[in-house]
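Open the model in your viewer and keep the sequence panel beside it. The tour below goes from one selection to the next and says what is found at each.

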Amino acid sequence: MPIETTPVLSGPRTAGPAPEADIVAVPFGPGRTPPAVPGVELPVPADALLAQYEAKGEPGEVVEATALREGGLRRVLLYGVGDGSPGALRRAGAAVARRARRRASLSVVVPSGEDFGEDFEGAFKGATASLVEGALLASYSFAIGDGRAGGPVREIVFVGGDERELRRGEALARATALARDLVNTPASVKTPAWLADQAKEVAAGAGLDVRVWAEPELGEFGGIRAVGQGSVNPPRLVQLSYTPENPRAHVVLAGKGITFDSGGLSLKPTEGMKTMKTDMAGGAAVIAAMSALADFDVPVRVTGLVACAENSISGSAQRPGDVIRQYGGRTVEVLNTDAEGRLVLADALAYADAELDPDVVIDVATLTGAAKIALGPTIAALFSTDEALAAGLAGAGEATGERLWRMPLVDDYRAMLDSEVADLANVDRAMSGSAGSIVAALFLREFAGGRPWAHLDIAGPARAGSDEGEITRGGTGFGVRLLLRYLTA
C-alpha cells in the first residue's frame, strides 16, 4: 500500500513547532544536549534527563518526556543523531516515526551543525532528506483487509528543514515503497500479466515509453518461455524507456520478475517456497527506480527490462535435461529447473546487447541462496566486469545504506558450466553446490556481450523478517535508492 504519511515543512527553526503539535522530536548527539527550541519547555534540565536514562545520543535512541504547553501537555521525544551521517539520520527518522504511530501529527526539529559544535563539522548534510526518507520508510505498511491494528502517523512536520531536500527524501521513499508494494503482493494476484500492467501504470505516470511482449511475440525469448511454460499464467517481457535531453550515456537495467517460484519440477521444500512471491524483487526494483528518474533529472538514457514468468508445475513444465535456445541462439541444458532466474535474465541481457547498444548493463535479481549464505540478510553480492562500474555501485550502496560486497568472477569456474549436449548448462554440471553465486554470475556474463556489466544478487536483503531502522518486515525495496543514486551521479 502506498505510504500514507505526509511530510511537510513548517518554516524556520526560530518559529518552533506548531502550538497544536502534541508530539515534538528534538535532536541530541553524543555528549551534546538538545538545542533550545521555542515552545518546547522540558520539566527538568535536558542534561539531567539524558543522564537519568544513560542516553548516549546513538542513532535510533529515543528518550521521552512530558512538557507543558498552553492548554495541556505534549510529548517530547529527544532523539539521538549519532555522528549526523545520512545513515544515522535515516535511522533517527525511523525511530521517531515509529514512536508516533497512531497519532495525527509529529513535529521533528531538523538538526544542524550549529547545534552541536565543531566536532560535528560537515555532519547533517542533507539532514532533511535523510530524516524524511527514514521516517516515511518506517511508516510503510502492507495489509490486505483490516487485520493490522493501528497505523502510521498521518503527518510529519519538519521544523527548520529544506524544501528541496524534503522532496528528494520523499521521492526516494515513495519509489522504494512502490517496490515494496509489488514485492508484498500475493502471487494469487501478482501474475506476469499483472506485473506488466503495473509497469504500464508506472510508465503512464512517469512519462516513460513502454513495450510489453506476450505470446506469440516471445518466440525468440526461449528462456522466458521455458520457465513460464508450466504455468497457466503466461510470461511477459517488459521494456520501460526514459530518454532525457542530450543523454550522456545509455544504461540498461534488467530485473528478474519471477512472480512465484515453486522450483518447477526441481521442487523447492515447503519452507523455501513460503517467501517465493518475493522472487521478482529485482524486477520490482527496476520498475520503481524507473518511476523516479524524472524526479531526479537523471542525465542518462535508461532502459528497464523486466523478464516476468511464473515457475510452476504441470504436464507442460520444462524438465531437467531439456535444452532451450536463448535469445540470440545460444543453447542451454537445463539441469535444474529451480535455477530459472538466470534463464529469463539471459534473454534480457542478450536482447539488450543485440538490440539496445547500451554503454552499461546492470541486472538485479534474487538469484541464489548462496549469496545470502555468504553475506547474510543485509548485504547484496556485487559482480562486475568493469572496475569503474563496480566502484560507482558500491559507493552508491554505501551512501544509501544498501550495502554491496564485491565478489570475484573466477574464470577457472567457468568450466563448471560446460555441457555435453549444449553450449552451456544452467548450473554446475557436477551439482557440487559450491560457489553457487559465482557460477550463476558467470552464466549471466556469457550473455552480456562483453559490455561493462554488473550483477547484483539481492537474495539476502530483498526481504526482511522484522522491522529494523527504515526497513519493514516483508519486501524491503532493496536496490531502488542505490540505483537512483548511481544513475543520478
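Is the crossing of α2 and α4 right-handed or left-handed? The crossing of α2 and α4 is right-handed; a crossing is left-handed if the near helix is turned anticlockwise from the far one by less than a right angle, and right-handed if clockwise.

This is a predicted model, in which local features need pLDDT of at least 70 and side-chain atom pairs count only at pLDDT 80 or more, while totals for chains, interfaces and linings use all residues. Residues are numbered from 1 along each chain as its sequence is written, and side-chain values use heavy atoms, with hydrogens and water left out.

**First stop: α2 and α4**

Select residues 86–99 for helix α2 and residues 127–138 for helix α4. Helices (H or I, at least four residues) and strands (E, at least two) are DSSP runs, numbered from the N terminus. The two axes come within 7 Å and cross at roughly 45 degrees. Axes are lines fitted to C-alpha atoms, for helices over the stretch in contact, and angles run from 0 to 180 degrees between N-to-C directions. α2 and α4 are therefore oblique to each other; angles under 35 degrees count as roughly parallel, over 145 as roughly antiparallel, 65 to 115 as roughly perpendicular and the rest as oblique.

Now show the side chains where these helices meet (contact means heavy atoms within 4.5 Å). Those in α2 include Leu89, Ala92 and Ala97, and those in α4 include Leu131, Ala135 and Ala138. The residues of this contact divide into nine nonpolar, three polar and three charged. Here Ala, Val, Leu, Ile, Met, Phe, Trp, Tyr, Cys and Pro count as nonpolar, Asp, Glu, Lys and Arg as charged, and the others, Gly among them, as polar.

**Second stop: β6**

Select residues 155–159, strand β6, where four of the five residues are buried (under 20% relative accessible area, with a 1.4 Å probe and protein chains only). β6 runs parallel to strand β1 (residues 6–9), with four bridges between them, and Thr6 stands opposite Glu155. Strand β5 (residues 105–109) is also parallel to β6, through five bridges; there Val109 stands opposite Val159. Two strands pair if DSSP finds at least two bridges between them.

**Third stop: the eight-stranded sheet**

Follow the order β7-β8-β10-β9-β13-β17-β14-β15, an open sheet with mixed pairing. Its edge strands are β7 (209–213) and β15 (404–406), each pairing on one side only. From one strand to the next, the twist averages 20 degrees. At the β15 edge, select strand β14 (residues 380–384), which runs parallel to β15 with three bridges; Ala381 has Trp405 as its bridge partner.

Add helix α6 (residues 192–206), which lies across β7, β8, β9 and β10 and runs at about 10 degrees to β8. Then add α13, which lies across β13, β14 and β17, at about 145 degrees to β17.

**Fourth stop: α10 and α13**

Keep α13 (residues 436–445) and select helix α10 (residues 341–356): they pack at an angle of about 30 degrees, with their axes 9 Å apart. α10 and α13 are therefore roughly parallel to each other. Among the residues that meet are Leu345 and Leu349 in α10, and Phe443 and Leu444 in α13. This contact divides into seven nonpolar residues, no polar and one charged.

**Last stop: α14**

Finish with residues 480–488, helix α14, where seven of the nine residues are buried. Arg481 and Tyr486 are among them.

Terms used. Buried < 20%, exposed > 50% of the residue type's maximum accessible area, 1.4 Å probe, protein only.
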